[in-house]
Amino acid sequence: MSVVWLIIMIVSIVALALSDPAAVLASMITGANGAVSLALTLVALYGIWLGLFEVLDTTGIADRLARLLRPIVRRLLPGESEETEKYASLNISANLLGLGNAATPMAINAVRTMKRDPVRSAVATTNMIMLVVISATSLQIFPSTVVSLRAAYGSADPADFLPACIAATVTGTVIGIVGVKLIGGVLVRLAKRRERKKRGGLTV
């Protein structure tokens, strides 16, 4: 990915140098200032929310939240441990608040504690794929990161996109979950069929 960004940067600089050489240095300085300003804004935002999640975990509220979401998580990730359910619940909670980067560590911890296929330990299980899909589609009720960025850049109504955001993320999450369930079911049936054929061949 770093190579891709490097190519994009070089092509952009060369294109600007050919069209307006005098603007190259000024554009680079302006872009660097904007990047630093954006980074500071995001550091403050994520510092607050990651600190909040740490407090929730320390005080035991995270466990209560996990119990609240457990019926949903168990249907989405059947057969996993309570520790996995807790991390998955925190991941979903962070996504609901629009904290994608804050949700990522929770998803990583959940995957680390998930059960693995004893035969193919290097292959992702259906539950792992489901968690990745849920995290990627990022069901959001209040996208705090985007709202904060819009407010920082002077939007007159930073939250005016909420209805469209909720509709889009709900639709994406539902489609993702249904897709994983359908494809996972098909793959399981195919695996069982291959296993039966293998056993039949050994019997013969």
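Which residues of the largest nonpolar core touch the most other members? In this predicted model, that core has 17 residues, and those touching the most other members are Val73, Leu76, Leu77, Met130, Leu131 and Ile134. At least two residues of the core come from each of helix H3 (61-76), helix H4 (82-96), helix H5 (100-112), helix H6 (126-137) and helix H8 (162-203), and H6 gives the most, with five residues.

Leu77 can be followed further: leaving aside residues up to four places away in sequence, Leu77 touches Ala88, Met114, Asn127, Met130 and Leu131.

**Helix H6**

The buried residues of H6 include Met130, Leu131 and Ile134, which are also among the core residues that touch the most other members. Asn127, Met128, Val133 and Ser135 of H6 are buried as well. The length of H6 agrees with expectation, because twelve residues at 1.5 Å a residue should span 16 Å and the end C-alpha atoms of H6 are 16 Å apart. Just after H6, Ser138 takes a positive phi of about 50°.

**Packing around helix H4**

The table sets out how H4 packs against H6 and against H5.

| Helix pair | Angle | Axis separation |
|---|---|---|
| H4 and H6 | about 20° | 9 Å |
| H4 and H5 | about 165° | 8 Å |

With its angle of about 20° to H6, H4 is roughly parallel to that helix, because angles under 35 degrees count as roughly parallel. The crossing of H4 and H6 is left-handed, and the contact is made by Ala88, Asn91, Ile92 and Asn95 of H4 together with Leu131, Ile134 and Ser135 of H6. Ala88 of H4, which takes part in this contact, is also touched by Leu77.

H4 and H5, in turn, pack at an angle of about 165° and are therefore roughly antiparallel to each other, since angles over 145 degrees count as such. H4 passes H5 in a left-handed crossing, where Thr84, Tyr87, Ala88, Leu90, Asn91, Ala94 and Asn95 of H4 meet Gly100, Ala102, Ala103, Thr104, Met106, Ala107, Asn109 and Ala110 of H5. Ala88, Asn91 and Asn95 of H4 thus appear in the contact with H5 and also in the contact with H6.

**Ser27 in helix H2**

Ser27 is found in helix H2, which covers residues 23-59, and counts as partly exposed because its relative accessibility is 36%. Between Ser27 and Ala107, which lie 80 residues apart along the chain, the C-alpha separation is 37 Å; Ala107 is one of the H5 residues in contact with H4.

Conventions. Residues numbered from 1 in each chain as written. Predicted model: local features only at pLDDT ≥ 70, side-chain atom pairs only at ≥ 80, totals over all residues. Heavy atoms only, no water. Core = buried A, V, L, I, M, F, W, Y, C linked by side-chain atoms within 4.5 Å. Buried < 20%, exposed > 50% of the residue type's maximum accessible area, 1.4 Å probe, protein only. Helix = DSSP H or I, 4+ residues; strand = E, 2+ residues; numbered from the N terminus. Contact = heavy atoms within 4.5 Å. Expected span 1.5 Å × (residues − 1). Axes fitted to C-alpha atoms, helices over the stretch in contact; angles between N-to-C directions. Parallel < 35°, antiparallel > 145°, perpendicular 65-115°, else oblique. Left-handed = near helix turned anticlockwise from the far one by under 90°.
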